[in-house]
Amino acid sequence: MENHQQDRSIISDQIKVNGNLTPLTLTTGGKLQWTTEEGQQSLTVEKEVLGFIIQGSKIIIKAVTEKRDGICSFGSAGGGALVRKNFVFEPLSDESLNLWCQHLRDYINSLGRPKRLFILVNPFGGKKSASKIFLDVVKPLLEDADVQITVQETKYQLHAKEVVSTMDLAKYDGIVCVSGDGILVEVVNGLLEREDWNVAIKMPLGMVPAGTGNGMVKSTLDSAGEPCTASNAVVAIIRGHKCSLDVATILQGDNKFFSVLMLAWGLVADIDIESEKYRWMGSARLDFYGLQRMLCLRQYSGRISFVPAPGFEAYGEPTRYNGEFASTHSINPGQEQPVKAEQYSYQGPDVDLTNLEWRTINGPFISVWLHNVPWGGEDTMAAPDAKFADGNLDLILIKDCPKLGLLALMTNLSNGGHVKSPHVLYLKVKAFILEPGQLTKDPTKGGIIDVDGEVLARGNGTYKHGQKTLMTYDKLQITVDQGLATLFCPVQQ
């Protein structure tokens, strides 16, 4: 055996590849190395190997390779979409076969990968493609990795929340959402409604893009320079790397809601929610309706107050926290939950807001946008400086802007360039209070407050105003619990 100090051999032996004898080596650094007619070849177990099976005298390695311009490559630096590929090795004896299987199994087990996953599939989201994505991409990859799965299709809104609020979490190593961002939000809220919320919220959560927005999975994959594809997302889950995620608590009177993606009021909320009438267009509905909204621009009266993160203290004017929300111990959104659950579910971060340095900005506003992660959708880098677990929300604020300037600004959403516009205030906040007002041109009409792609509150005269919402179109408070939740991600953070 070879004995290099940095990456020494675990096992090395003569095997057959395509009928030809070649030495195969597994190193302590997790490299499978062999030689073919094309030269030296290698696979990185941690990154590229999903699992293996035995077929007679052969070991079939189930791996993923990067697809670039129609050509599959492996051992590359990263950044391409992943496709499945098998590598066949034939040891020369049963003893060698058993030894190779043992060492491969031991190495893969040492990586701490999830072995049992609960999969939520939303067949109604986006272009209704989640079921096909699960069958064509998710299931085959998880089978290659020998991951045991339990699958639940969501049948109605808040179904996922109901399921995770009562399920036996001890049976699983993670929960995976094959959906848009909405199911992830339901899962987080369901976990935090449990009596054992402090343990439940540590359950690693995975996302596979199958909705309209897919902002969370885009953010996790892009952080590692990987494309937002279903295969890349599943492989990131299989690898088992994790990162922490801030969770925001939105409070109004006796109601709470837990947010992981964003809150919008004004232009962005109007586009996101009112464009639902064009849902058949897929994600193009946002661009189409966005142009309509810019041509008929709205401004809203109102006020925002916030605790600036270090380095952003110059924004706004000094103000005081009046303590209105300070002593509220209110129940969670699920009003049907028993008293016991109301008392022992998560109550939001334990922070004294009265002694913090608050600032305020008065309207009118075109758009108020808070973001927890960089991407709001696959094509919208809303907050380029946002971090998953910095304890801050990124605030993107537009008070006034000419229509042509706004059009230029919106065309830069795909690369985050909009935050450099002179018409945009971009800062980080640790706590936030929104006091939404009426349309400046029609004080009889209010706006829409959009949280994680769903309507949290509607003012008078808004789209689908008659539908019930969790909160009223009134003052609400947002606080952040740093790193409360856990996500599967491509690279350990």
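# Close-up views of the predicted chain

**View 1. Glu66 and its partner Lys47.** Glu66 is buried, with a relative accessible area of 5%. Buried means under 20% relative accessible area, exposed over 50%, and partly exposed in between (1.4 Å probe, protein chains only). The model shown is predicted: local features need pLDDT of at least 70, side-chain atom pairs count only at pLDDT 80 or more, and totals for chains, interfaces and linings use all residues. Residues are numbered from 1 along each chain as its sequence is written, and side-chain values use heavy atoms, with hydrogens and water left out. Glu66 forms a salt bridge with Lys47, N to O at 3.9 Å. The rule for a salt bridge is a side-chain nitrogen of Lys or Arg within 4 Å of a carboxyl oxygen of Asp or Glu. Lys47 sits in helix α1 (residues 45-48) and Glu66 in strand β6 (residues 58-68), so the pair links distant parts of the chain, 19 residues apart. Helices (H or I, at least four residues) and strands (E, at least two) are DSSP runs, numbered from the N terminus. Lys47 has 24% relative accessibility and counts as partly exposed.

**View 2. A salt bridge within helix α3.** Lys132 and Asp136 bring N and O to 2.6 Å at their closest. Both residues belong to helix α3 (residues 130-144). They are 4 residues apart, about one turn of the helix. Lys132 counts as exposed, at 56% relative accessibility. Asp136 counts as partly exposed, at 46%.

**View 3. Arg239 and Glu226, a buried pair.** Their side chains meet in a salt bridge of 3.3 Å, N to O. Arg239 lies in helix α8 (residues 230-239), while Glu226 lies in the loop between α7 (215-222) and α8, so the salt bridge ties together parts that are 13 residues apart in sequence. Elsewhere, Asp270, Glu274 and Arg298 form one network through salt bridges that share partners. The count for the model comes to 13 salt bridges.

**View 4. Met216 in the largest nonpolar core.** A nonpolar core is a set of buried Ala, Val, Leu, Ile, Met, Phe, Trp, Tyr and Cys residues joined through side-chain atoms within 4.5 Å. This one has 117 residues. Those that touch the most other members are Ile175, Val187, Val208, Met216, Ile304, Phe432 and Ile449. Beyond four places in sequence, the contacts of Met216 (heavy atoms within 4.5 Å) include Asp181, Leu184, Leu245, Val373, Phe388 and Leu487. Another core lies apart from the largest one, with 22 residues, among them Leu32, Trp34, Val45 and Tyr107.

**View 5. Cysteines without disulfides.** A search of the whole structure finds 0 disulfides (cysteine sulfur pairs within 2.5 Å). The closest cysteine sulfur to that of Cys228 is in Cys177, 14 Å away, too far for a bond. Cys228 counts as buried, at 15% relative accessibility. Cys101 is buried too, at 6%.

**View 6. Domains and confidence along the chain.** Domain bounds come from an automatic or database domain assignment. The assignment gives domain 1 (9-67 + 78-111), domain 2 (116-240) and domain 3 (251-482). The centres of domain 1 and domain 3, taken over C-alpha atoms, are 50 Å apart. Mean pLDDT (the predictor's confidence in each residue, from 0 to 100) is 89, and 90% of residues reach 70 or more. Among the elements, strand β9 (residues 116-121) has the highest mean, 98, and strand β7 (residues 71-73) the lowest, 47. Over residues 70-77 the pLDDT is below 50. That stretch has 22 contacts in the model beyond near neighbours in sequence.
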